[in-house]
Amino acid sequence: MSTIQWFPGHMAKAKKQVQEKLHLVDIVLEIVDARLPLASRNPILDQIIQQKPRLMILNKADLADAALNAAWLDYFKRQGLPAISIDSQHNHNVQQIEKQAQVILADKIARQQAKGIKNKPIRAICIGIPNVGKSTILNRLVKKNIAITGNHPGVTKRQQWLKAGKHLELLDTPGILWPKFEDPLVGQKLALTGAIKDSLYHSDDVALYMLAFFKQYFPERLQQRYHLTEEDLTLTDPDLLMKLTADFGLKQDYERASERLILDCRKGKLGRYTLDQVIEAGS
Ligand code: GDP
């Protein structure tokens with residue numbers, strides 16, 4: 001779990017570090033969590049990278065709802081952002097990154113070839129908020145375990161290029177940016193998926209959010225996992241949390257019960273889910 005505290009000074013430094021690296025690369029790999037393709041984006045990334053070619057990577061697709069993975073890929077493509085979904089933990093679809101980068105940069109590669117420049121590797125950087133899987137992806141692409149150092153805003157070190165495929169080179173230090181903290185709902189989503197430090201949120205708020213989400217979208221999973229009746233599902237979220245706390249034998253320790261619910265959710269005990277609903281264009 002990342003220990004980055006995003007004070008304004010750190011944000012400014014992180015932004016500057018990313019900006020400094022941008023001119024070194026041909027393409028940005030924007031990594032997001034497939035369970036929260038919007039909430040896990042950095043709020044000012046568009047402003048930072050501007051017109052630089054970009055590939056959106058929805059990582060942890062194994063934990064997200066399969067139908068919504070497809071819907072989100074569609075959403076980004078409609079926005080003019082090429083996107084793929086991968087599961088870097090189990091090395092699924094990771095090799096698509098190089099292929100898609102070649103497709104996105106096809107014109108540039110053709111221009112280079114016309115000038116007699118052949119086989120110039122594509123240079124890329126992974127950028128994303130903490131814990132979206134930047135290091136895991138990097139290690140998969142490079143095919144060995146690299147201890148990612150300097151993985152902290154403010155730590156500078158010499159850049160190195162890592163061979164990440166026949167035609168791809170990656171900057172060894174990913175760009176780390178902050179999530180959209182200001183929005184409390186985003187904070188709850190990040191907390192529920194384990195993207196932000198436990199000390200940054202109240203576990204009962206997150207558990208209440210989780211219960212509301214599963215009651216709305218997957219009531220049967222709640223019922224099955226926690227042996228609930230139809231009637232239990234009509235309880236208000238706080239009442240349901242109280243009931244579950246009692247069922248867990250935790251008396252009135254709502255915090256511990258909340259932590260247990262959150263952990264179940266993070267471990268996938270309630271199945272695959274996507275917390276961000278696809279927004280239709282224009283809404
Ligand atoms: P970083 O902070 O962006 O570099 O994130 P890491 O690469 O350290 O990954 C954070 C956590 O997510 C680690 O526990 C990884 O094992 C896990 N993780 C990364 N990618 C995936 C994935 O595709 N699927 C699953 N299930 N877990 C992943």
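# Loops, helices and a ligand site

Student: In the loop between which two elements is Asn93 found?

Tutor: This is a predicted model, in which residues are numbered from 1 along each chain as its sequence is written, local features need pLDDT of at least 70, side-chain atom pairs count only at pLDDT 80 or more, and totals for chains, interfaces and linings use all residues. Side-chain values rest on heavy atoms, with hydrogens and water left out. Helices (H or I, at least four residues) and strands (E, at least two) are DSSP runs numbered from the N terminus. On that basis, Asn93 belongs to the loop that joins β3 (83-85) and α4 (96-104).

Student: Is Asn93 buried, partly exposed or exposed?

Tutor: Buried means under 20% relative accessible area and exposed over 50%, with partly exposed in between (1.4 Å probe, protein chains only). Because its relative accessibility is 32%, Asn93 counts as partly exposed.

Student: What is the phi of Asn93?

Tutor: Most residues other than glycine have a negative phi. Asn93 is not a glycine, and yet its phi is positive, at about 75°.

Student: In what loop does His227 lie, and what is its phi?

Tutor: His227 is placed in the loop between α9 (219-226) and α10 (237-247). With a relative accessible area of 68%, His227 is therefore classed as exposed. Although His227 is not a glycine either, its phi is positive, at about 50°.

Student: Which residues are the closest to the ligand?

Tutor: A residue belongs to the surroundings if one of its heavy atoms lies within 4 Å of the molecule. By that criterion 14 residues surround the ligand, and the closest of them are Asp62, Ser88, Lys134, Ser135 and Thr136.

Student: Which element gives the largest share of the shell around the ligand?

Tutor: The shell can be sorted by the element from which its residues come, and the largest share amounts to three residues. Those three residues are contributed by a helix covering residues 134-142, namely α6.

Student: How far is a polar side-chain atom of Thr136 from an oxygen atom of the ligand?

Tutor: A polar contact is a pair of N or O atoms within 3.5 Å; within protein, one must be able to donate a hydrogen and the other to accept it, and residues adjacent in sequence count only if both atoms are side-chain atoms. Lys60 makes such a contact through a polar side-chain atom, 3.0 Å from a ligand oxygen, while Gly133 uses a backbone N or O atom, at 3.0 Å from an oxygen atom of the ligand. For Thr136, the distance from a polar side-chain atom to a ligand oxygen is 2.5 Å.

Student: What percentage of the ligand's accessible area does the protein cover?

Tutor: Taken on its own, the ligand has 580 Å² of accessible area (Shrake-Rupley method, 1.4 Å probe). Of this area, the part covered by the protein is 75%.

Student: Which residues of α6 are buried, and which residue just after α6 takes a positive phi?

Tutor: Within α6, the buried residues are Lys134, Ile137, Leu138, Asn139, Leu141 and Val142. Just after the helix, a positive phi of about 65° is taken by Lys143.

Student: From which residue does the backbone oxygen lie 2.7 Å from a polar side-chain atom of Ser258?

Tutor: Ser258 is part of helix α11, which spans residues 254-266. Since its relative accessibility is 0%, Ser258 counts as buried. The backbone oxygen that lies 2.7 Å from a polar atom of the Ser258 side chain belongs to Tyr254.

Student: How far apart are the C-alpha atoms of Asp172 and Trp161?

Tutor: Asp172 sits in the loop between β6 (168-171) and β7 (175-176), and because its relative accessibility is 9%, Asp172 counts as buried. Along the chain, Asp172 and Trp161 are eleven residues apart, and their C-alpha atoms are separated by 5.9 Å.

Student: What is the C-alpha distance between Pro43 and Leu177?

Tutor: Pro43 occupies the loop between β1 (27-33) and α2 (45-49), and its relative accessible area of 38% is why Pro43 is called partly exposed. Pro43 and Leu177 are 134 residues apart in sequence, whereas in space their C-alpha to C-alpha distance is 9.1 Å.
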